[in-house]
Amino acid sequence: MNKQLHFYIVPEVSVIFAGMELAKIFEQRFGSHRVKKITNPLYPDQQLLFLFLELDVPVTILMTASLSDYRMPVLEKWVGREFNEIFFCLPAYWDFDELENPNFSWIYTWIYKLERFVKDRNTWYGPGHTIPTANPEVPISELMKQEYFIFLDPILLQRELTPVDIPDKTIHFLSIIPIFGDELDFKMGKGTQKFIRKLVQRNIDEKLDDYRKSALSSRLRFF
């Protein structure tokens, strides 16, 4: 809650904010002091939301604000999940103002790329969908060694980010979780639900962690 973010807070009186209705719902849900409407500081044509939440430990949500204006062409089994916003869950140590430091600023680049990709390709995201960082794959940053992202329903935030009903649509929220190549292979071979169970068993959720190991790595046992 101590991040100032002065350099890119959007003046509410001067901008027609595409996510205004969603922001108001979050203000009712969490309190107006926990919601900030911003533009992406690296890509000013994108609108975003910050949600500052107090769980067992504080986390900050960086979320798209207008992706749900786009109706995703979902498969028949996913009818009812056409409208989504995607988000990163950030730990307390994350420095949002470090725009020159790629170990922090990549969140702005990737949340922009992921929103543009789904719209430009006229495609859709659903739970379990994965996307590589490049072809061939490269680590997200020097600290974040994962080479893929997976979209999942909230795990840590399943109570806080329940779907939102507004006129003519229900908005769902998909977390963006960096994963390793062996985790992708496990997910592709065993399925999304078994992969989620593997994450939960290792106390891994959507909160970003520069230092986490693969959920498939062996653990040293001392007793």
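Which exposed residues does the face of α4 turned away from its buried side carry? Gln 193 and Gln 201 sit there, and the first view below takes up that helix. Keep in mind throughout that this is a predicted model.

**View 1. Helix α4 has a buried side and a side turned away from it.** Thr 192, Phe 195, Ile 196 and Leu 199 are the buried residues of α4. Looking down the helix axis, they fall within an arc of 100°, so they line one face of the helix. Packed against these buried residues are β6, β8 and α3. On the face turned away from them, you'll find the exposed pair Gln 193 and Gln 201. Just past the end of α4, Asn 203 takes a positive phi of about 60°.

**View 2. Helix α3 meets helix α4 at an angle.** Here α3 covers residues 181-190 and α4 covers residues 192-201. Their axes come within 7 Å and cross at roughly 135°. That crossing makes α3 oblique to α4; to count as roughly antiparallel, the angle would have to be over 145 degrees. From α3, the residues taking part are Glu 183, Phe 186, Lys 187 and Lys 190. Across from them in α4 are Thr 192, Lys 194, Phe 195, Lys 198 and Leu 199. Sort the residues of this contact by class and you get five charged, three nonpolar and one polar.

**View 3. Helix α1 keeps its buried residues on the same side.** In α1 (residues 20-30), Leu 22, Ala 23, Ile 25, Phe 26 and Phe 30 are buried. Around the axis they cover an arc of only 160°, which puts them on the same side of α1. Plenty of strands turn up in the cover over these residues, including β1 (35-39), β2, β3, β4, β7 and β8. Right after the helix comes Gly 31, with a positive phi of about 105°.

**View 4. The largest nonpolar core has 32 residues.** Six members touch the most other members: Leu 62, Phe 88, Leu 90, Trp 94, Trp 106 and Ile 107. Two or more residues come from each of β2 (47-54), β4 (83-90), α2 (102-120), β6 (148-152) and β8 (169-179). α2 is the biggest giver, with eight residues. Another core lies apart from this one; it has 21 residues, among them Phe 30, Leu 51, Ala 65 and Leu 157.

**View 5. A close-up on Leu 90 and its contacts.** Set aside the neighbours within four places in sequence, and Leu 90 is in contact with Phe 50, Val 59, Thr 60, Leu 62, Phe 96 and Ile 107, plus Lys 207 and Leu 208. Of these, Leu 62 and Ile 107 are also among the core members that touch the most others, as is Leu 90 itself.

**View 6. Leu 67 is a buried loop residue.** Look for it in the loop between β3 (58-64) and β4. With 0% relative accessibility, Leu 67 counts as buried. Beyond residues up to four places away in sequence, Leu 67 touches Met 72, Asn 84, Glu 85, Ile 86, Glu 115, Val 118 and Lys 119. Leu 48 is 19 residues away from Leu 67 in sequence, and their C-alpha atoms are 9.6 Å apart in space.

**View 7. The loop between β5 and β6 holds Pro 136 and Gln 146.** The peptide bond leading from Asn 135 into Pro 136 is cis, with omega near 0°. Most peptide bonds are trans. Further along, Gln 146 counts as buried, at 2% relative accessibility. Not counting neighbours within four places in sequence, the contacts of Gln 146 are Thr 133, Val 138, Pro 139, Ile 140, Pro 178, Ile 179, Phe 180, Asp 209 and Arg 212.

**View 8. Asp 168 and Asn 203 each take a positive phi.** Most residues other than glycine have a negative phi. Asp 168 has a phi near 75° and belongs to the loop between β7 (164-166) and β8. Its relative accessible area is 78%, so Asp 168 is exposed. Asn 203, in the segment after α4, has a phi near 60°. Asn 203 is exposed too, with a relative accessible area of 70%.

Technical notes
Residues numbered from 1 in each chain as written. Predicted model: local features only at pLDDT ≥ 70, side-chain atom pairs only at ≥ 80, totals over all residues. Heavy atoms only, no water. Core = buried A, V, L, I, M, F, W, Y, C linked by side-chain atoms within 4.5 Å. Buried < 20%, exposed > 50% of the residue type's maximum accessible area, 1.4 Å probe, protein only. Helix = DSSP H or I, 4+ residues; strand = E, 2+ residues; numbered from the N terminus. Contact = heavy atoms within 4.5 Å. Axes fitted to C-alpha atoms, helices over the stretch in contact; angles between N-to-C directions. Parallel < 35°, antiparallel > 145°, perpendicular 65-115°, else oblique. Nonpolar A, V, L, I, M, F, W, Y, C, P; charged D, E, K, R; others polar. Arc of directions from axis to C-beta.
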